[in-house]
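Student: I've just opened this one and I don't know my way around yet. Could you walk me through it?

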Amino acid sequence: MDTEKQKKLKKWFWGIILVPIGLFALMLLLVALFAEIPSFEELEDPDSNLATLLISEDGKTFSTYHLENRSYVKFEDLPQSLIDAAVTTEDSRFYKHSGIDFRGLARVGVKTILLGNSSQGGGSTITQQLAKSLYPRDEMNSKIPGVKYIKLVITKLKEWITAVKLERNYTKNEIVTMYLNTIFFGSNAYGIRAAANTFFSKDPGELTVEEGACLVGMVNKPTRYNPAINPERSLERRNHVLGRMVKNGYLSQHDCDSISQIPIELVYQQQDHNSGIGAYFRDMLRKTMNAKEPKRSSYKQVEDYRVDSLLWKNDPLYGWLNKNLKPDGTQYNLDKDGLRIYTTIDSRMQKYAEEAVAEHLGGELQKAFYNDLKYKRHAPFSNDIPEETIETVMKQAVRWSDRYVGMKAEGIPENEILASFEKPVNMRVFAWNKNHYVDTLMTPYDSIKYYKSILRSALIAMEPHTGKVKAYVGGPDYRFFKYDNGRQGKRQVGSTIKPFLYTLAMQEGYNPCSQVVNVPYSFTIGETVWTPHSTDKATYIGRTVTLKWGLTHSSNNISAYLMKQFGPESMVNMCRKLGIGSYLDPVYSLCVGSCDLSVYEMVAAYNTYPSRGVYTYPMLVNRIEDKDGNVLANFSSRKREAIGDPTAYLMVNLMLGVVNEGTASRLKWKYGISNVAGKTGTTNDQSDGWFIGYSPKLTAGVWVGAEDRQVHFESLALGGGSNMALPIFGLFFKKIYNDPSININSDDTFVPPLGWKASFACTGSSSDDLGISGVDDNGYFD
């Protein structure tokens, strides 16, 4: 071959080699110069839609606000076995390359592309996968031929440049931490914290070797290897990861053989806005933090406007998102900014509260109510409800339904909409079974009647002296019943209001042993004479009884007597002192609980008694931090003196009698609960059942009823507060007493005021002496 030909061949050879390299280098340069490559600040603070965490006072993350269920975990909180599993599976040369693994690319090119061996995996490093999260591939589509491939090349180059940036500015530990916080694990779980919580109900640091391997194995194909969907494939994939750990020296063969035999034991709960504990609390807290400055035109009742106006002025948590802005002047976003809200909720108490509601409603009570429905002519409505009223209630329910609203918005004629409510369709409805639902065929109209037959409930527990809300349940199941019966709903309170009237009496010089003649007392209202209905046994009418006997047996006669002594206005004023802010009509029937109040404000009012007369405003949050742990706000209890300590202690004595000897005695003989004071409540026609009680360390209130007041038990035995609401309280406290880690038990005692020397000889029993024997003129003895 002559010299001229050799020169030409050399030129062609170097041209074939160098021109592509040069073009590639030029493309890298152009992309680096002109494409939108993230800055260091953006790399450190990507727009990753971090979930806001709700953290209980005992340190558990029990819920989130999120668009993507993603939250950050620090490197030191990750188990080494998890990191080893990620590195050995996704990027075995992670600690040897600088962001781009050219050896891995060559392997992919030869074995995967040329030889078709897909088992060799991809060529993207962990750093590249992290960079890839900044450039979603769904932006690659284009109708112009070839453009999407050009976009793909440019994006890939941007990922490479970003990967190199990451490697130059972060340690390997920081990169693998960002990676584990970014990747998608399926089941709406973004990042390792969400995945650990979703599949194993654990924090990442609690994951075992096999659990970490299971999660890492899902990264490649989150659906195919999802243990909740494909358990056999997931187990095979997990063991493959364990084998890779052996191959790369992270796990011994002996340990691998042992661990591979362990089955995958899931504690699976997909973390969406309907799942997890504390769903009603989460929703209520969002509304509280999102509240805007109240406007009078938005309220029907001036009292409600006044309450919210005072909250806006005095409660820093109320409207916090509108009162506090980020340093850049924008508003915090609960769904994206990764805040950490340290709530007052105790995750153990919250769990026990939800269990107590489910056990009683889903057990004896709902079954008894279904049996009661068999004897109703227009079930679920009571037999004494006029047909016109039933028709009005049902028409209103139809028009408020999502089906009606949606079809109306689509412009469908009224007659067609109403006709659709009579056609059976397949639907999933709530049911008291393991899954809390059943799939069935039912007309939409019948489904409305079905839901109206399901009893609802609310339970709220607060800590005396601090006002911290420890448990909050607003209904049977948030997935199917979004309405919050705890704070949003208001129902007639019945006899649970009587302690407020007795408080007025104690403050004005009466004591538990003060004597009253038990006869009906009437009130003249214009030309009408109203006499509260008495449920006392005939043998007690006309006899002298003590006030303690009156409250113990919830006697309407004795409440009417006290109302005659003090009048409605004085009782309203006492209610205001105890924190009741809702509308109260100053009428005589207030003495038997004719008003509508929320469980939230009733529990806060009762909390005054174990708090020694100090009203403490309910407290929901201890502090708020940003995603980096910087404290944005601290909160503390807000208090004011409502009644004197001696008055509060007298009321404790009175309400201990209700539990020890009266309408709430079931707490003692059935649930073994002692040293608890409280009061039952039942409203007209058994529409509402209440029980509110307290120990020295915890106050809790329960309401039970149907959606409509026209739906209720026919008998007082089944529909009274002692049967509908009290058992939930009893189950709740029993679970707490049985948990020594909570430190609330039956040994806790109420402490009398400083220097208190008096005690009471009277009782609330129904014996012949009616609780009077041994009482001197003042009702005290030394």
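Here is a short run of questions and answers about this structure.

Tutor: Before we start, this is a predicted model, where local features need pLDDT of at least 70, side-chain atom pairs count only at pLDDT 80 or more, and totals for chains, interfaces and linings use all residues. Residues are numbered from 1 along each chain as its sequence is written, and side-chain values use heavy atoms, with hydrogens and water left out.

Student: What pLDDT does the protein average?

Tutor: pLDDT is the predictor's confidence in each residue, from 0 to 100. In this protein, 85% of the residues score at least 70. Residues 30–35 stay under 50, and residues 117–121 are below 50 too. The average for the protein is a pLDDT of 87.

Student: How many helices and strands does the protein have?

Tutor: Helices are DSSP runs of H or I with at least four residues, strands are runs of E with at least two, and both are numbered from the N terminus. Counted that way, the secondary structure comes to 29 helices and 22 strands.

Student: What share of the residues is buried?

Tutor: Buried means under 20% relative accessible area, exposed means over 50%, and partly exposed is in between, with a 1.4 Å probe and protein chains only. The protein has 782 residues, and the buried share of them is 51%.

Student: How much area does the protein expose, then?

Tutor: Accessible areas come from the Shrake-Rupley method with a 1.4 Å probe, and for residues only the protein chains shown count as cover. Carbon and sulfur atoms supply 52% of what is exposed. The exposed area is about 36,600 Å².

Student: At what angle do α3 and α10 pack?

Tutor: Helix α3 covers residues 80–90, helix α10 covers residues 231–247, and their axes are 9 Å apart. Axes are lines fitted to C-alpha atoms, for helices over the stretch in contact, and angles run from 0 to 180 degrees between N-to-C directions. Here the angle is about 90°.

Student: And what is the word for that arrangement of α3 and α10?

Tutor: Angles under 35 degrees count as roughly parallel, over 145 as roughly antiparallel, 65 to 115 as roughly perpendicular and the rest as oblique. With an angle of about 90°, α3 is therefore roughly perpendicular to α10.

Student: Which residues of α10 make that contact?

Tutor: Contact means heavy atoms within 4.5 Å. From α3 come Ser 81, Asp 84, Ala 85, Thr 88, Thr 89 and Glu 90. Their partners in α10 are Arg 237, Val 241, Arg 244 and Met 245.

Student: How many residues of α8 are buried?

Tutor: Helix α8 runs over residues 192–200 and is mostly covered. Among its buried residues are Ile 192, Arg 193, Phe 199 and Phe 200. The count is eight of its nine residues.

Student: Is Glu 211 buried or exposed?

Tutor: Glu 211 sits in helix α9, residues 209–218. Leaving out residues up to four places away in sequence, Glu 211 touches Phe 200, Lys 202 and Glu 206. Its relative accessible area is 11%, so Glu 211 is buried.

Student: What is the relative accessible area of Asn 557?

Tutor: Asn 557 is found in helix α22, residues 556–566. Beyond its neighbours within four places in sequence, its contacts include Asn 518, Pro 520, Tyr 521 and Asp 536. Asn 557 is buried, with a relative accessible area of 1%.

Student: How far apart are the C-alpha atoms of Ser 722 and Thr 680?

Tutor: Ser 722 belongs to helix α28, residues 721–724, and Thr 680 is among the residues that Ser 722 touches. The two are 42 residues apart along the chain. Their C-alpha atoms are separated by 6.1 Å.

Student: Which residue does a cis peptide bond join to Ala 379?

Tutor: Most peptide bonds are trans. This one is cis, with an omega of about 10°. The partner lies in the loop between α15 (347–373) and α16 (387–400), and that partner is Pro 380.

Student: What value does phi of Gln 686 have?

Tutor: Most residues other than glycine have a negative phi. Gln 686 is in the loop between β20 (677–682) and β21 (688–694), and at 14% relative accessibility it counts as buried. Its phi is positive, near 60°.
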